[in-house]
Amino acid sequence: MSLLSRSVAEERKDKIKAQQIQTSARVSLDDLFNQIAQGAIKNLNIIVKADVQGSVEAVTQSLEKLSNDEVRVRCIHGGVGAITETDVMLAAASNAIIVGFNVRPDVNAREYAERDKVDIRLYRVIYNAIEDVEKAMKGMLAPRYKEVVLGRCEVRTVFKVSGVGAIAGCYVQEGKVTRSAQVRVVRDGIVIAEDKISSLRRFKDDVKEVATGYECGIGLVNFNDIKEGDQFEAFIMEEIER
């Protein structure tokens with residue numbers, strides 16, 4: 001190998017190593033206490049996204065009040081609407097976590113977050129987020145359950161059935177929908193409801209699950225204000241072994 005080739009190879013190796021170190025040093029709530037204890041984290045950078053501006057401001061103020069002598073909590077960006085690829089890129093560049101309220105990441109944001117190991121935390125209640133960050137800073141965060149997204153589908157049409165209510169005619173775009181799953185209704189990136197499935201059908205047959213690429217009819221237990229274009233996110237809560 002020539003001197004130039006060896007130099008290029010070494011340079012490439014150094015870049016890969018630097019990227020690996022950067023990725024492994026990503027801040028996450030699960031490992032926050034250890035990173036603080038090791039002196040690796042002095043500032044906890046947070047990006048806040050919510051369904052309304054009032055929530056963004058309330059969360060930002062509450063989180064920044066958690067600052068202490070070891071670590072300063074800084075909300076470096078706040079905005080209304082779905083979590084986007086731009087938010088994830090900013091989080092990766094700033095070594096930040098993303099906290100979302102009643103919003104969801106879009107497809108590109110999910111892919112980038114997974115690739116760049118960006119921690120996205122999604123909540124329906126502001127207090128739960130404050131509590132999680134506070135516990136993480138004290139090394140007491142020990143979730144007993146984690147959310148597992150099974151699949152996503154799009155509402156293509158809505159049927160009104162007498163005595164039953166609204167039935168969503170859906171196309172499963174990703175994963176699968178199971179009869180036992182819970183459903184999150186997302187409209188324009190905003191979570192507008194969480195509910196259980198009351199009926200899952202293929203044509204006239206009741207079924208236990210429907211896979212990617214198939215159409216189905218979904219009825220929800222309580223939520224009836226379903227509109228064409230809504231996204232259904234099917235998920236289950238899985239117990240975490242301690």
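**Group meeting: a strand, two helices and some salt bridges**

I'll start with one residue, Ser-199, which sits in strand β8. Before going on, the ground rules. This is a predicted model, in which local features need pLDDT of at least 70 and side-chain atom pairs count only at pLDDT 80 or more, while totals for chains, interfaces and linings use all residues. Residues are numbered from 1 along each chain as its sequence is written, and side-chain values use heavy atoms, with hydrogens and water left out.

Back to Ser-199. Is Ser-199 buried or exposed? Ser-199 counts as buried because its relative accessibility is 18%; buried means under 20% relative accessible area, exposed means over 50%, and partly exposed is in between, with a 1.4 Å probe and protein chains only. Leaving out residues up to four places away in sequence, Ser-199 touches Ile-167, Arg-179, Gly-217, Ile-218 and Gly-219. A contact here means heavy atoms within 4.5 Å.

Gly-217 on that list belongs to strand β11, so let's look at that strand. β11 covers residues 215–220, and 5 of its 6 residues are buried, so it is largely enclosed by the rest of the structure. Which strands pair with β11? Strand β6, residues 165–178, pairs with β11 in the antiparallel sense over 5 bridges. Strand β8, residues 190–202, also runs antiparallel to β11, joined by 4 bridges. Pairing requires that DSSP finds at least two bridges between the strands. Gly-217 has Gly-169 standing opposite, and Arg-201 stands opposite Gly-217 as well.

Now the whole chain. There are 6 helices and 12 strands, taken as DSSP runs numbered from the N terminus: H or I with at least four residues for a helix, E with at least two for a strand. Of the 242 residues, 39% are buried. Taking contacts between residues at least 6 apart in sequence, 66% join residues at least 24 apart. The chain exposes about 14,000 Å², with carbon and sulfur atoms supplying 48% of that area; areas come from the Shrake-Rupley method with a 1.4 Å probe, and for residues only the protein chains shown count as cover.

Next, two helices. In α4, residues 85–94, the buried residues are Asp-87, Val-88, Ala-91 and Ala-92. They cover an arc of only 135° around the axis, which puts them on the same side of α4; the arc is that of the directions from the helix axis to the C-beta atoms. Thr-86 and Ala-93, on the other side of α4, are exposed. The cover over the buried residues of α4 includes β1 (43–50), β2 (72–80), β3 (96–101), α5 (107–116) and β4 (120–123).

In α5, Ala-109, Ala-113 and Asp-116 are buried. Their arc around the axis is only 80°, which puts them on the same side of α5. The buried residues of α5 pack against α4 and β4, and the face turned away from them carries the exposed residues Glu-111, Glu-114 and Arg-115.

Two loop residues in this region have positive phi without being glycine. Asn-95, in the loop between α4 and β3, has a phi of about 50° and is partly exposed at 24% relative accessibility. Asn-102, in the loop between β3 and α5, has a phi near 55° and is buried at 15%.

Last topic: charges. How many salt bridges does a search of the whole structure find? The search finds 19, where a salt bridge is a side-chain nitrogen of Lys or Arg within 4 Å of a carboxyl oxygen of Asp or Glu. One of them joins Arg-187 to Asp-230, with the closest N and O atoms 2.7 Å apart. Arg-187 lies in strand β7 (residues 182–187) and Asp-230 in the loop between β11 and β12 (231–239), so this pair ties together parts that are 43 residues apart in sequence. Asp-230 is buried, at a relative accessible area of 1%.

Arg-201, already mentioned opposite Gly-217, meets Asp-206 in a salt bridge at 3.1 Å, N to O. Arg-201 is partly exposed at 37%, and Asp-206 is exposed at 56%. Glu-154 and Arg-156 form another, with the closest N and O atoms 3.0 Å apart. Finally, a network of salt bridges links Arg-104, Arg-110, Arg-124, Glu-147, Arg-152, Glu-174, Arg-184, Glu-194 and Glu-233.
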